[in-house]
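Please open the model in your viewer and keep the sequence panel beside it, since each stop on this tour asks you to select a few residues and look at what surrounds them.

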Amino acid sequence: VQLQASGGGLVQAGGSLRLSCTASGRAFSSHNLGWFRRAPGKEREFVAVINWSGSSTNYAESVKGRFTISRDNAKNMVYLQMNSLKAEDTADYYCAGGRAAWRSAALYDHWGQGTQVTVSS
């Protein structure tokens, strides 16, 4: 599975962005898919994950209620809708996939290139 994230940009605090991740490979629909982020000078952190069927999701506490992860297996796409953005959401965002993956980055086998999100306060 190869992944490519897009949709980042500059947005004012309180605004919204939708990140997209395009996947190639027939195994896409059997993989759990997650979003991670790395802010300048900080460690990579988990943001959200969705299981292979889309029936189960999990979020970091810092984004719960503001971000929504979804997927469209017919289109090989996963999305991250980000609302009520804050300055602390500024980071490079990465999509990742893995059959047994959930919140831990170590369980992901495939990583896409990041897309930069900058939230101005």
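The stops below go from a sheet to a disulfide, then to salt bridges, and end at a histidine. Bear in mind throughout that this is a predicted model.

**The sheet**

Begin by selecting strands E1, E3, E8 and E7, which in that order form an open sheet of 4 strands with antiparallel pairing. At its edges you will find strand E1 (2-6) and strand E7 (67-72), each of which pairs on one side only. If you turn the view to compare the strand directions, neighbouring strands of this sheet are turned by 15° against each other on average, with direction ignored.

Next, restrict the selection to residues 17-24, which make up strand E3, and residues 77-82, which make up strand E8; these two strands run antiparallel and are joined by 6 bridges. Within this pair, show Leu19 and look across to E8, where Leu80 stands opposite.

**The disulfide**

Stay on E3 and select Cys21. To which residue is Cys21 joined by a disulfide? The partner is Cys95, with an S to S distance of 2.0 Å, and the structure holds 1 disulfide. Cys21 lies in strand E3 and Cys95 in strand E9, so the pair ties together parts of the chain that are 74 residues apart in sequence. The link of Cys21 and Cys95 is right-handed, with 60° about the S-S bond, and both cysteines are buried.

**Salt bridges around Asp89**

A search of the whole structure finds 4 salt bridges, and a good place to start is Asp89. Select Asp89 together with Arg37: their side chains meet in a salt bridge at 2.9 Å, N to O. This pair links distant parts of the chain, since Arg37 is in strand E4 and Asp89 is in the loop between E8 and strand E9 (91-98), 52 residues apart. Both Arg37 and Asp89 are buried.

Keep Asp89 selected and add Arg66, whose side chain also meets that of Asp89 in a salt bridge, here at 2.7 Å, N to O. Arg66 sits in the loop between strand E6 (57-59) and E7, and it is 23 residues apart from Asp89. Are these two partners buried or exposed? Arg66 has a relative accessible area of 11% and Asp89 has one of 0%; Arg66 is therefore buried, and Asp89 is therefore buried as well. To see the wider arrangement, add Glu45 to the selection, because Arg37, Glu45, Arg66 and Asp89 are linked in a network of salt bridges.

**A salt bridge with accessible partners**

Now move to Lys64 and Glu61, whose side chains meet in a salt bridge at 2.6 Å, N to O. With a surface display switched on, note that Lys64 counts as partly exposed at 46% relative accessibility, whereas Glu61 is exposed, with a relative accessible area of 61%.

**His31**

For the last stop, select His31, which is placed in the loop between E3 and strand E4 (32-38). Although it belongs to a loop, His31 is buried, with a relative accessible area of 3%. Show the side chain of Ser30 too, and you will find a polar contact between it and the side chain of His31 at 3.4 Å. Finally, display the contacts of His31 beyond its neighbours within four places in sequence: these are Val1, Asn51, Trp52, Arg71, Gly97, Gly98, Arg99 and His110.

Note on methods:
Residues numbered from 1 in each chain as written. Predicted model: local features only at pLDDT ≥ 70, side-chain atom pairs only at ≥ 80, totals over all residues. Heavy atoms only, no water. Pairing = 2+ DSSP bridges. Axes fitted to C-alpha atoms, helices over the stretch in contact; angles between N-to-C directions. Buried < 20%, exposed > 50% of the residue type's maximum accessible area, 1.4 Å probe, protein only. Polar contact = N/O pair within 3.5 Å; in protein donor to acceptor, adjacent residues only side chain to side chain. Contact = heavy atoms within 4.5 Å. Disulfide = S-S within 2.5 Å.
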